[in-house]
Amino acid sequence: MNSAQSLTQELKRTAHRVGFDLVGACPAVTPNGISRFKQWLEAGYDGQMHYLGDRATAYEHPRSVLENVRSILILGMNYRTAAPVPRTDAEGRVSRYAWGPEDYHDVIHSRLGQLIEVVHRQAPDTAVRGVVDTAPLLEREFAQAAGLGWIGKNTLLLNREMGSWFFLAALLTEAELDHDVSFDQDHCGSCRACLDACPTDAFPEPYVLDATRCISYLTIELRDHIPAELRSGMDDWVFGCDVCQEVCPWNHRAPVSTERVFQAREDSNPLDLVSLFELDDESFRRRFRKTPLWRARRRGLLRNAAIVLGNHPAERAEEVLIGGLNDDDELVRVACAWALSRYKSPSSLTALDNRRAVEADVVVIQEIDNALWQRREKAGGHSSTHE
């Protein structure tokens with residue numbers, strides 16, 4: 001057995017021991033999908049994720065992550081735990097990956113540290129770096145090259161045994177590893193389940209995702225107001241979306257993870273939305289700082305919550321939406337105004353009128369005027385008097 005085989009075998013044994021479910025090695029070369037990635041950027045499908053375009057050239061070769069890299073170990077960690085609990089009034093759904101009490105980045109980085117120690121033991125002078133979806137690396141392309149699966153029509157990596165319910169991570173090293181055979185088959189066939197089920201039509205064609213229409217992007221990455229034409233499609237998703245994974249036949253057979261850190265918190269599956277409006281910045285930080293939901297920040301999560309409460313009006317939510325009309329953040333005020341256009345009580349109509357009288361932000365004023373018009377049209381009356 002040569003040194004490459006020995007190091008690779010020990011890395012794979014350690015990877016499985018510390019909790020990774022998938023592991024494969026591939027050469028560090030220009031990824032096959034780089035041209036498709038650049039076409040995707042040119043089409044504007046990245047939306048406000050400008051960091052992707054700003055680092056576009058860095059994705060051309062993994063040496064941008066580790067200068068003299070020769071091999072990449074790609075790893076997958078299963079996060080499929082409990083089944084989603086049915087939503088009740090004033091609750092919203094959270095994507096499975098964000099149910100746990102800790103951020104998966106922190107969890108996986110700690111496991112990667114143990115793999116780095118393996119490399120340092122066998123090759124003390126060899127550079128090595130572990131990354132979890134924050135470096136300029138096309139992980140899914142390299143995962144396919146490492147034999148872990150194929151990229152499905154919903155653009156996620158699919159594995160025949162694991163489906164797509166797993167996180168991807170990578171270990172880049174100057175050492176030569178024993179490379180696995182690339183997975184060159186596509187097992188999606190004629191299936192269109194993910195494409196047809198998407199609530200916001202985020203797939204302009206198979207294998208292409210328009211992130212600007214994706215609910216995960218809208219609820220997490222978008223820092224602006226959610227476009228009016230996409231709000232209804234969000235349905236009850238307050239953070240992320242699992243629709244294209246839930247309908248995928250390959251996910252029906254995926255095993256259940258026993259990882260403690262991925263088990264759902266009682267308040268995340270589903271998430272009570274009314275309580276969110278009671279959080280100021282500091283209390284929001286205390287509750288969500290170590291979880292994936294922190295990425296949306298308070299303003300983004302309240303915006304999302306208001307949209308869900310508009311899609312699914314709930315009596316106990318009306319008071320917090322009225323209170324949200326006076327929130328310091330215009331992002332929250334706009335979403336609350338839109339949500340209240342779908343309620344029927346005189347008190348919410350009065351609240352819209354009262355806020356309209358003192359509102360200074362042009363975008364919020366426009367949203368309130370539209371809400372007032374919607375309310376009065378439904379009531380068979382006249383539109384807002386603030387014309």
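How many nonpolar, polar and charged residues does the lining of the largest cavity have? I will come back to that in a moment, once the setting is clear, and I should say at the outset that what we are looking at is a predicted model.

Let me begin with the protein as a whole. The protein contains 15 helices together with 9 strands, and its C-alpha trace spans about 80 × 40 × 35 Å along the principal axes. For 387 residues, a compact globule would be expected to have a radius of gyration near 21 Å, and the protein, at 23 Å, agrees with that.

Now to the enclosed spaces, and to the opening question. There are 2 cavities of 30 Å³ or more, and the largest cavity holds about 50 Å³ of space. The residues that line the largest cavity are P84, V85, R93, V94, W99, W237, D242, E246, S268, N269 and P270. Sorted by class, the lining of the largest cavity has 6 nonpolar, 2 polar and 3 charged residues.

The second largest cavity encloses about 40 Å³, and around this space we find H225, I226, R231, R303, I307, L331, V334 and A335. Two elements, α11, which covers 297-311, and α13, give two or more residues each to the lining of the second largest cavity, and of the elements α13 gives the most, with 3 residues. By class, the lining of the second largest cavity divides into 5 nonpolar, 1 polar and 2 charged residues.

Since α13 has come up, let me stay with helices for a while. Two packed helices are described by the angle between their axes and the distance between the axes. Helix α13, residues 330-340, packs against helix α15, residues 362-378, at an angle of about 10 degrees, and their axes lie 8 Å apart. Because angles under 35 degrees count as roughly parallel, α13 is roughly parallel to α15. On the α13 side the contact involves E330, R333, V334, A337, W338 and L340, and these meet V363, V364, E367, I368, A371 and R375 in α15. The residues of this contact of α13 with α15 comprise 8 nonpolar and 4 charged, with no polar ones. If you have V334 in view, note that this residue of α13 takes part in the contact with α15, and that V334 is also among the residues lining the second largest cavity.

The other helix from that lining, α11, has a partner as well. The axes of α11 and helix α10, residues 281-288, come within 10 Å and cross at roughly 85 degrees, and α10 and α11 are therefore roughly perpendicular to each other. Here D281, F284 and F288 of α10 make the contact with R297, R298 and L301 of α11. By class, the contact of α10 with α11 consists of 3 nonpolar and 3 charged residues, again with no polar ones.

Finally, let me turn from cavities to a pocket. The second largest pocket has a volume of about 200 Å³, and of the 15 residues that line it, N32, E141, Q144, A145 and S182 lie nearest its centre. Both β1, at 22-27, and α5, at 139-145, supply at least two residues of this lining, and the largest share, 4 residues, comes from α5. In terms of class, the lining of the second largest pocket has 7 nonpolar, 5 polar and 3 charged residues.

Definitions and conventions: Residues are numbered from 1 along each chain as its sequence is written. This is a predicted model: local features need pLDDT of at least 70, side-chain atom pairs count only at pLDDT 80 or more; totals for chains, interfaces and linings use all residues. Side-chain values use heavy atoms; hydrogens and water are left out. On a 1 Å grid over the protein atoms alone, a cavity is a set of points where a 1.4 Å probe fits but cannot get out, and a pocket is an open set with protein on both sides within 12 Å along at least five of seven lines; lining residues have an atom within 4 Å of a point. Grid points are joined across faces, edges and corners, and a volume is the space filled by probe spheres set on the points. Ala, Val, Leu, Ile, Met, Phe, Trp, Tyr, Cys and Pro count as nonpolar, Asp, Glu, Lys and Arg as charged, and the others, Gly among them, as polar. Axes are lines fitted to C-alpha atoms, for helices over the stretch in contact, and angles run from 0 to 180 degrees between N-to-C directions. Angles under 35 degrees count as roughly parallel, over 145 as roughly antiparallel, 65 to 115 as roughly perpendicular and the rest as oblique. Contact means heavy atoms within 4.5 Å. The radius of gyration is taken over C-alpha atoms; the globule rule is 2.2 Å times the number of residues to the power 0.38.
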